[in-house]
Amino acid sequence: MSWDGDPEDSQRGNGALVEDEVRREGEEMRQDSWGAIGESGRPYRYDVFLSFRGKDTRNGFTGHLHAALDQGGIATFIDDEELGKGEEIAPAILGAIGESRISIVVFSKNYASSSWCLDELVRILECRDTTGQIVWPVFYRVDPSDVRRQRGRYGQALIDHEERLKSNGGDPEKVKRWRGALTKAANISGWRLVHE
């Protein structure tokens, strides 16, 4: 799907199509979720997990999407704390991903520059494969083919990660996993939002 500033949707913002789809899915989830089980063996704790690069979209698109989901009664996990450089992905976030029915991944220009975001993406796709979690990508001002093929900013970010990991003695397979996850996620049908 693509949204490029259609005047009919301008009053509701560029995330209106995403919000509408999540609301529809949320209603279906409520109707058929009696006994639905998350990865932990307990009922799902969240309807939606939002994966995004804070400095790109926290105070814009993702913030508005989160507010709309919250107003619609959709239980949404959003990480409200900024993470320090070099920190490992927190077990609480990994758990929240596994306890969510849907993950919405907001690919923005700096998403791949965050090892945190890339670790989340790997985990989200693991949950998609093991528990059937629904994954909806949103390509916010980025071309899905740049994500898929790791071109432009995405390509440079991965080169930078690779160099950093080599110099620090990190896991050289990590970048390979991130590349695979970006390709896989960009091949999932989602939304391309090209205007504010």
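**Exercise 1. The main core**

Task: Which residues touch the most other members of the largest nonpolar core, and which elements supply it?

Solution.
Step 1. The largest nonpolar core has 33 residues, and Phe107, Tyr111, Leu121, Val147, Tyr154 and Leu182 touch the most other members. A nonpolar core here is a set of buried Ala, Val, Leu, Ile, Met, Phe, Trp, Tyr and Cys residues joined through side-chain atoms within 4.5 Å. Buried means under 20% relative accessible area, exposed means over 50%, and partly exposed is in between (1.4 Å probe, protein chains only).

Step 2. At least two residues of this core come from each of β2, α4, β4, α5, β5 (134–140), α7 (152–168) and α8. Helices (H or I, at least four residues) and strands (E, at least two) are DSSP runs, numbered from the N terminus.

Step 3. The top contributor is α5, which gives 8 residues to this core.

Step 4. Now zoom in on Leu121: leaving out residues up to four places away in sequence, Leu121 touches Val105, Phe107, Tyr111, Ala181, Leu182 and Ala185. Touching, or contact, means heavy atoms within 4.5 Å.

Step 5. There is also a second, separate core of 16 residues, with Val48, Leu65, Ile78 and Leu193 among them.

A word on the model before we go on. It is predicted, so local features need pLDDT of at least 70 and side-chain atom pairs count only at pLDDT 80 or more, while totals for chains, interfaces and linings use all residues. Residues are numbered from 1 along each chain as its sequence is written, and side-chain values use heavy atoms, with hydrogens and water left out.

**Exercise 2. The chain as a whole**

Task: How many helices and strands does the protein chain have, and what share of its residues is buried?

Solution.
Step 1. Count the elements: the protein chain has 8 helices and 6 strands.

Step 2. Read them in order from the N terminus: β-α-β-α-α-β-α-β-α-β-α-α-α-β.

Step 3. Of the 196 residues, 48% count as buried.

Step 4. Look at the contacts between residues at least 6 apart in sequence: 78% of them join residues at least 24 apart.

Step 5. The accessible surface of the protein chain is about 10100 Å², and carbon and sulfur atoms account for 46% of that. This area comes from the Shrake-Rupley method with a 1.4 Å probe; for residues, only the protein chains shown count as cover.

**Exercise 3. Charged pairs**

Task: How many salt bridges are there? Which parts of the chain does the pair of Arg45 and Glu99 tie together?

Solution.
Step 1. Side chains of opposite charge can pair when their charged atoms come close. The rule asks for a side-chain nitrogen of Lys or Arg within 4 Å of a carboxyl oxygen of Asp or Glu, and the count comes to 7 salt bridges.

Step 2. Take Arg45 and Glu99, whose closest N and O atoms are 3.9 Å apart. Arg45 lies in the loop between α1 (16–32) and β2 (46–51) and Glu99 in the loop between α4 (91–98) and β4 (100–107), so this pair ties together parts that are 54 residues apart in sequence. Arg45 is exposed at 55% relative accessibility, whereas Glu99 is buried at 12%.

Step 3. Glu126 and Arg123 also form a salt bridge, at 3.8 Å from N to O. Both sit in helix α5 (residues 115–131), 3 residues apart, which is about one turn of the helix. Glu126 is partly exposed at 39%, and Arg123 is buried at 15%.

Step 4. Finish with Asp129 and Lys184, which meet at 2.6 Å, N to O. Asp129 is in helix α5 and Lys184 in helix α8 (residues 173–186), so the pair ties together parts 55 residues apart in sequence. Lys184 is partly exposed, at 31%.

**Exercise 4. Aromatic pairs**

Task: How many aromatic pairs does the structure hold, and why does the pair of Phe49 and Phe77 count as stacked or edge-to-face?

Solution.
Step 1. Rings of Phe, Tyr and Trp (its six-membered ring) pair if their centres lie within 6.5 Å; planes under 30 degrees apart count as stacked, over 60 as edge-to-face and the rest as tilted. The structure holds 6 aromatic pairs.

Step 2. The ring centres of Phe49 and Phe77 are 5.3 Å apart and their planes are at 5 degrees, so the pair is stacked. Phe49 is in strand β2 and Phe77 in strand β3 (residues 76–77), 28 residues apart. Both residues are buried.

Step 3. Add Tyr46, and you have one aromatic cluster of Tyr46, Phe49 and Phe77.
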